[in-house]
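Me: Could you walk me through the reasoning behind a few labels on this model? I would like to see each value set beside its cut-off.

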Amino acid sequence: LGEAGNWGYLQATAAAIEKFADYLIGKDPFRIEDFNQNFLRSVYFRGSVIMSAISAIDIALWDLRGLRDGQPLWRMAGGARDSVAVYSTEGGWLHIDTAALVEDAIRMKEAGFAGSKIKIGRPSLAEDSARLAAVRAATDADFIIGLRISADERDAEGLTDFYGQQRRAARELFIAGEVFF
């Protein structure tokens, strides 16, 4: 089966996959779009568990179709490129100090990555902005800086509007030309 990335609710996602499997048994596995419509319309609440189950089945069926047709998924989906730009998601954690963040971005640029994803969510916008500005100064305008709002620590402290605060901060950083989404 395909991959379901709903880490907090693995058993519930597995149960949803099993429930949908009852519908699939005996049917033509290459009617993928039809199955997706049926799954989406057969449940009233489509939260993370249901969407992860549908995704896992979708991935598995597209893989099966690709194996049958001897084609990679990118070609079946109409892809025409020989390569795509990629960015690193590993170096921008909140606990990493600014110097290490800059070193990682430089390493990623030298390794051929188009950019880095950096987490924001420090106690102040000034700290987040200084970290991003340091990476920008050490790279160039072509190096993509993507943001991930990281509110885990703040939410644990009971700051209920932390996501809203960080979204507003990310918008300010974007308008200032420091980052891209």
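Reply: Happy to; the model is a predicted one, and we can take a helix residue, a lysine and a whole helix in turn.

Me: Why is Leu-40 called partly exposed?

Reply: Leu-40 sits in helix H2, residues 32-42. Its relative accessibility is 25%, and partly exposed covers what lies between under 20% (buried) and over 50% (exposed), so Leu-40 gets that label. Leu-40 also touches Arg-46, Met-51 and Ile-54, leaving aside residues up to four places away in sequence.

Me: How do you know that Lys-119 has no salt bridge?

Reply: Lys-119 belongs to strand S2, residues 115-120, and is buried. The nearest side chain of opposite charge is Glu-90, 6.6 Å away. A salt bridge needs the atoms within 4 Å, so Glu-90 at 6.6 Å does not qualify.

Me: What does the side chain of Lys-119 reach instead?

Reply: It reaches the backbone oxygen of Thr-89 at 3.0 Å. The cut-off for a polar contact is 3.5 Å, and 3.0 Å is within it.

Me: What makes the length of helix H6 agree with expectation?

Reply: H6 has 14 residues, 125-138, and at 1.5 Å a residue it should span 20 Å. Its end C-alpha atoms are 20 Å apart, so the two agree.

Me: And why do the buried residues of H6 count as lining one face?

Reply: They are Asp-128, Ser-129, Arg-131, Leu-132, Val-135 and Arg-136. Seen down the axis, they fall within an arc of 160°, so they line one face of the helix. The face turned away from them carries the exposed residues Ala-126 and Ala-137.

Conventions. Residues are numbered from 1 along each chain as its sequence is written. This is a predicted model: local features need pLDDT of at least 70, side-chain atom pairs count only at pLDDT 80 or more; totals for chains, interfaces and linings use all residues. Side-chain values use heavy atoms; hydrogens and water are left out. Helices (H or I, at least four residues) and strands (E, at least two) are DSSP runs, numbered from the N terminus. Buried means under 20% relative accessible area, exposed over 50%, partly exposed in between (1.4 Å probe, protein chains only). Lys and Arg count as positive and Asp and Glu as negative; His and the chain ends are not counted. A polar contact is a pair of N or O atoms within 3.5 Å; within protein, one must be able to donate a hydrogen and the other to accept it, and residues adjacent in sequence count only if both atoms are side-chain atoms. Contact means heavy atoms within 4.5 Å. The expected span of a helix is 1.5 Å times one less than its number of residues. The arc is that of the directions from the helix axis to the C-beta atoms.
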